[in-house]
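Trainee: Could you show me how to read a structure that is new to me? I would like to start with one residue and then look at the whole chain.

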Amino acid sequence: MSDAELTVEVTGPVATVVIRNPARRNAMTAAMWRQLPVLLDGLEADPAVHALVLTGADGTFCAGADLGDLDELLDAGDASIAVTAEERLATFAKPTVAEIQGACVGGGCQLAVACDLRIAAADARFGVPPARLGLVYPAPTTRRLARLVGPSAAKHLLFTGELIDADRALRVGLVDEVLPPDGLAARVVALTAAIAQRSRLTVAAAKEIVDDRADEERIAWWHGQVRASGEAREGVAAANERRPPRFGWAPPGRP
C-alpha cells in the first residue's frame, strides 16, 4: 500500500484535507490528483461543512507533482488530471484556505493559488519551476497566478523558477498572512471559525462574484435568496440587539 494519499479530518464546521507523501515531500501523485476532486465533491455536498483547509503533513505543504507520473501529465496538456483537480478546488463552493509550511512548489503552489486564501508560516518557500524542467505551465494555472500576483510577479516566478520566501510572497500578494510556524495552526483555526460563523449566503455569493463566475441572472438569483431567506433581517436584528446572529441559509444548489 502506498503512503501517498489525501486524508480528510473534520472538526466542527471545518474540513481539513491533508496532503501526505512522506517519501517525496508531499508531492502529488497521479492517484492523489484523481482523488482530490472526489473528496471535494463529497465535502461540498456535506451541509455540516462550512469551510475547507488544505495543508500538508509533517511541516511541508507540497513539493509539486510526483515526476514519476510525468508522461501522463505531459500527454494531457491543459486537460491533465492536475489541472482538473486545480479547477475543482478553485470552483469549490465553500471558502478554502491553504495552510502553508515548508515547500510550496510547482503543483503545490498550483493548489495553493486555487484556494481563496493562503496563510503561510515564516519558513514557507514558494516556487514555480517549469522553466527549470522545460515544461509549459498550464494556461489556466498561469492565468490564475497572474490574476493573483500581477503580470510582472507572475513572469518573475515563471521565467526564473526561483524560490521566494514567505515575506516576498506576502509583498507580491501570493499569500495573505505570514505567521511564526508555531502560530500558524491557531491562526487558521481562528480564521476558519470566524468564516464559518458568517452568513453562508453572503460568503457563497461573494466567492462567485469575486471569481467572476456569476452572470447577471445568477446575481439576481443571489439577491432573491437574500429576500427569501430572511438572512439580512436576522443579521440586522442581531446587530441591533447586540447578539450573535443565527444565520440559517444553506446552499440549495444552482438553479
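Mentor: Gladly! Helices (H or I, at least four residues) and strands (E, at least two) are DSSP runs, numbered from the N terminus. Here, Ser80 sits in the loop between α2 (70-76) and α3 (81-90). Residues are numbered from 1 along each chain as its sequence is written. This is a predicted model, where local features need pLDDT of at least 70, side-chain atom pairs count only at pLDDT 80 or more, and totals for chains, interfaces and linings use all residues, while side-chain values use heavy atoms, with hydrogens and water left out.

Trainee: Is Ser80 buried or exposed?

Mentor: Buried means under 20% relative accessible area, exposed over 50%, and partly exposed in between (1.4 Å probe, protein chains only). Ser80 has 4% relative accessibility, so it counts as buried.

Trainee: What lies 3.2 Å from a polar atom of the side chain of Ser80?

Mentor: The backbone nitrogen of Val83 does.

Trainee: Now the whole chain: how many helices and strands does the protein chain have?

Mentor: The protein chain has 12 helices and 9 strands. Its radius of gyration (taken over C-alpha atoms) is 19 Å, close to the 18 Å that the globule rule (2.2 Å times the number of residues to the power 0.38) gives for 255 residues, so the chain is as compact as a globular protein of that length. Along its principal axes, the C-alpha trace spans about 60 × 45 × 40 Å.

Trainee: What share of the 255 residues is buried?

Mentor: Buried residues account for 45% of them.

How values were computed: A polar contact is a pair of N or O atoms within 3.5 Å; within protein, one must be able to donate a hydrogen and the other to accept it, and residues adjacent in sequence count only if both atoms are side-chain atoms.
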